[in-house]
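User: I'm new to this one and would like a close look at a single part, the nonpolar core. Could you walk me through what builds it?

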Amino acid sequence: MKKFSEFRIGDSFYSTCSISDKELEEYLNFSRVKNAFLDERKKGEQKIVSGRAILSRMEGEFTRLSQIYGNHIVFVGTDGDPEWSNRNTRFLKTLFTDQVLKLKFTVSQKDDIDEEFGKIGIDYEGTNQDGEIIVLSKRNIYRIKKEPPK
(Lines give C-alpha, C1' and ligand atoms only; values in the text may rest on other atoms or scores of the structure.)
Protein backbone atom coordinates (compact mmCIF):
# COMPACT_ATOMS: atom_id res chain seq x y z
CA MET A 1 0.00 0.00 0.00
CA LYS A 2 1.25 3.47 -0.89
CA LYS A 3 0.92 6.42 1.44
CA PHE A 4 -0.41 9.73 0.16
CA SER A 5 3.12 11.16 0.24
CA GLU A 6 4.33 8.38 -2.09
CA PHE A 7 1.85 9.06 -4.91
CA ARG A 8 3.26 11.00 -7.87
CA ILE A 9 1.39 12.54 -10.77
CA GLY A 10 1.87 10.17 -13.68
CA ASP A 11 2.05 7.00 -11.54
CA SER A 12 0.09 4.21 -13.25
CA PHE A 13 -1.37 1.01 -11.82
CA TYR A 14 -2.86 -1.92 -13.73
CA SER A 15 -5.50 -4.59 -13.35
CA THR A 16 -7.45 -6.98 -15.56
CA CYS A 17 -11.03 -8.19 -15.15
CA SER A 18 -14.15 -9.29 -16.96
CA ILE A 19 -17.85 -9.09 -16.20
CA SER A 20 -19.83 -12.33 -16.44
CA ASP A 21 -23.49 -12.66 -17.42
CA LYS A 22 -24.32 -13.44 -13.79
CA GLU A 23 -22.42 -10.41 -12.47
CA LEU A 24 -24.13 -8.15 -15.01
CA GLU A 25 -27.56 -9.48 -14.04
CA GLU A 26 -26.78 -8.95 -10.34
CA TYR A 27 -25.64 -5.39 -11.05
CA LEU A 28 -28.72 -4.58 -13.16
CA ASN A 29 -31.03 -6.03 -10.49
CA PHE A 30 -29.30 -4.10 -7.70
CA SER A 31 -29.08 -0.80 -9.60
CA ARG A 32 -32.59 -1.18 -11.04
CA VAL A 33 -31.30 0.04 -14.40
CA LYS A 34 -33.92 -0.45 -17.11
CA ASN A 35 -32.84 -0.08 -20.70
CA ALA A 36 -34.76 -1.73 -23.53
CA PHE A 37 -31.59 -1.93 -25.61
CA LEU A 38 -29.88 -4.01 -22.92
CA ASP A 39 -32.90 -6.33 -22.80
CA GLU A 40 -32.89 -7.00 -26.57
CA ARG A 41 -30.60 -9.99 -26.79
CA LYS A 42 -30.98 -13.57 -27.82
CA LYS A 43 -30.48 -16.39 -25.37
CA GLY A 44 -26.91 -17.70 -25.41
CA GLU A 45 -25.37 -14.55 -26.88
CA GLN A 46 -22.92 -12.37 -25.02
CA LYS A 47 -24.66 -9.42 -23.43
CA ILE A 48 -23.73 -5.78 -23.81
CA VAL A 49 -22.32 -4.47 -20.52
CA SER A 50 -23.86 -1.15 -19.48
CA GLY A 51 -21.52 1.80 -19.04
CA ARG A 52 -22.46 2.18 -15.37
CA ALA A 53 -21.60 -1.47 -14.75
CA ILE A 54 -18.20 -0.95 -16.39
CA LEU A 55 -17.49 2.12 -14.24
CA SER A 56 -18.65 0.30 -11.13
CA ARG A 57 -16.28 -2.59 -11.83
CA MET A 58 -13.41 -0.20 -12.57
CA GLU A 59 -14.00 1.58 -9.25
CA GLY A 60 -14.01 -1.75 -7.44
CA GLU A 61 -10.83 -2.90 -9.14
CA PHE A 62 -9.13 0.41 -8.26
CA THR A 63 -9.88 0.03 -4.55
CA ARG A 64 -8.48 -3.53 -4.60
CA LEU A 65 -5.08 -2.60 -6.08
CA SER A 66 -2.19 -3.49 -3.79
CA GLN A 67 -1.08 0.15 -3.96
CA ILE A 68 -4.51 1.36 -2.73
CA TYR A 69 -6.06 -1.37 -0.56
CA GLY A 70 -5.75 -0.64 3.17
CA ASN A 71 -5.87 3.13 2.81
CA HIS A 72 -8.78 5.14 4.14
CA ILE A 73 -9.94 6.35 0.74
CA VAL A 74 -13.35 7.68 -0.32
CA PHE A 75 -14.60 8.46 -3.82
CA VAL A 76 -15.87 12.05 -3.63
CA GLY A 77 -16.84 12.73 -7.24
CA THR A 78 -15.63 13.79 -10.63
CA ASP A 79 -14.49 17.23 -11.67
CA GLY A 80 -14.52 16.51 -15.37
CA ASP A 81 -11.87 17.49 -17.84
CA PRO A 82 -11.73 21.07 -19.13
CA GLU A 83 -10.69 19.72 -22.55
CA TRP A 84 -13.96 17.72 -22.64
CA SER A 85 -16.28 20.60 -21.59
CA ASN A 86 -15.95 19.36 -17.99
CA ARG A 87 -17.30 15.91 -18.81
CA ASN A 88 -15.30 13.04 -17.45
CA THR A 89 -16.24 9.76 -19.16
CA ARG A 90 -16.31 8.54 -22.74
CA PHE A 91 -17.39 5.10 -23.94
CA LEU A 92 -15.69 4.45 -27.28
CA LYS A 93 -16.51 0.80 -27.96
CA THR A 94 -18.95 -1.81 -26.72
CA LEU A 95 -17.91 -4.27 -24.03
CA PHE A 96 -19.62 -7.65 -23.92
CA THR A 97 -19.86 -10.05 -21.02
CA ASP A 98 -16.84 -12.29 -20.49
CA GLN A 99 -14.57 -10.06 -22.59
CA VAL A 100 -11.26 -9.14 -20.98
CA LEU A 101 -11.07 -5.55 -19.74
CA LYS A 102 -7.52 -4.32 -19.18
CA LEU A 103 -7.47 -1.40 -16.76
CA LYS A 104 -4.98 1.39 -16.33
CA PHE A 105 -5.30 3.86 -13.45
CA THR A 106 -3.14 6.99 -13.63
CA VAL A 107 -2.66 9.63 -10.93
CA SER A 108 -3.49 12.93 -12.65
CA GLN A 109 -3.87 15.21 -9.63
CA LYS A 110 -2.58 15.38 -6.06
CA ASP A 111 -3.53 18.08 -3.55
CA ASP A 112 -3.32 18.62 0.19
CA ILE A 113 -6.66 19.16 1.90
CA ASP A 114 -5.50 19.56 5.49
CA GLU A 115 -3.11 17.94 7.96
CA GLU A 116 -5.03 14.67 7.96
CA PHE A 117 -6.28 14.25 4.38
CA GLY A 118 -5.16 14.68 0.80
CA LYS A 119 -6.93 14.42 -2.54
CA ILE A 120 -5.88 12.45 -5.59
CA GLY A 121 -7.36 12.48 -9.08
CA ILE A 122 -7.31 9.23 -11.00
CA ASP A 123 -7.79 8.79 -14.74
CA TYR A 124 -9.22 5.42 -15.79
CA GLU A 125 -8.59 3.72 -19.11
CA GLY A 126 -10.14 0.40 -20.10
CA THR A 127 -9.11 -1.52 -23.20
CA ASN A 128 -10.25 -4.85 -24.60
CA GLN A 129 -8.02 -7.84 -25.34
CA ASP A 130 -7.19 -6.34 -28.75
CA GLY A 131 -5.92 -3.10 -27.20
CA GLU A 132 -8.92 -1.06 -28.39
CA ILE A 133 -10.03 1.61 -25.94
CA ILE A 134 -13.44 0.83 -24.47
CA VAL A 135 -13.70 3.63 -21.89
CA LEU A 136 -11.82 6.71 -20.71
CA SER A 137 -12.75 8.44 -17.47
CA LYS A 138 -10.80 11.46 -16.28
CA ARG A 139 -10.45 13.18 -12.91
CA ASN A 140 -12.14 10.69 -10.60
CA ILE A 141 -11.47 12.35 -7.23
CA TYR A 142 -10.65 10.50 -4.01
CA ARG A 143 -10.09 11.80 -0.50
CA ILE A 144 -7.32 9.80 1.14
CA LYS A 145 -6.00 9.77 4.67
CA LYS A 146 -2.35 10.85 4.63
CA GLU A 147 -1.30 8.24 7.17
CA PRO A 148 -3.10 4.93 6.69
CA PRO A 149 -4.22 2.94 9.71
CA LYS A 150 -1.60 0.69 11.24
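Analyst: Here is a walk through the core, with a little background on the chain around it. This is a predicted model, where local features need pLDDT of at least 70, side-chain atom pairs count only at pLDDT 80 or more, and totals for chains, interfaces and linings use all residues. Residues are numbered from 1 along each chain as its sequence is written, and side-chain values use heavy atoms, with hydrogens and water left out.

First, the setting. The protein chain has three helices and six strands (DSSP runs numbered from the N terminus: helices are H or I with at least four residues, strands are E with at least two). From the N terminus on, they run β-α-α-α-β-β-β-β-β. Of the 150 residues, 39% are buried, meaning under 20% relative accessible area with a 1.4 Å probe, counting protein chains only.

Now the core itself. The largest nonpolar core holds 29 residues; such a core is a set of buried Ala, Val, Leu, Ile, Met, Phe, Trp, Tyr and Cys residues joined through side-chain atoms within 4.5 Å. I54, M58, F62, L101 and I122 have the most contacts inside it. Two or more residues each come from β1 (12–17), α1 (21–31), α3 (51–64), β4 (101–112), β5 (117–127) and β6 (133–145). The largest share, five residues, is from α3.

Zooming in on I54: leaving aside residues up to four places away in sequence, I54 touches I19, V49, F91, L95, L101, I134 and V135, where contact means heavy atoms within 4.5 Å.

Technical notes: Buried means under 20% relative accessible area, exposed over 50%, partly exposed in between (1.4 Å probe, protein chains only).
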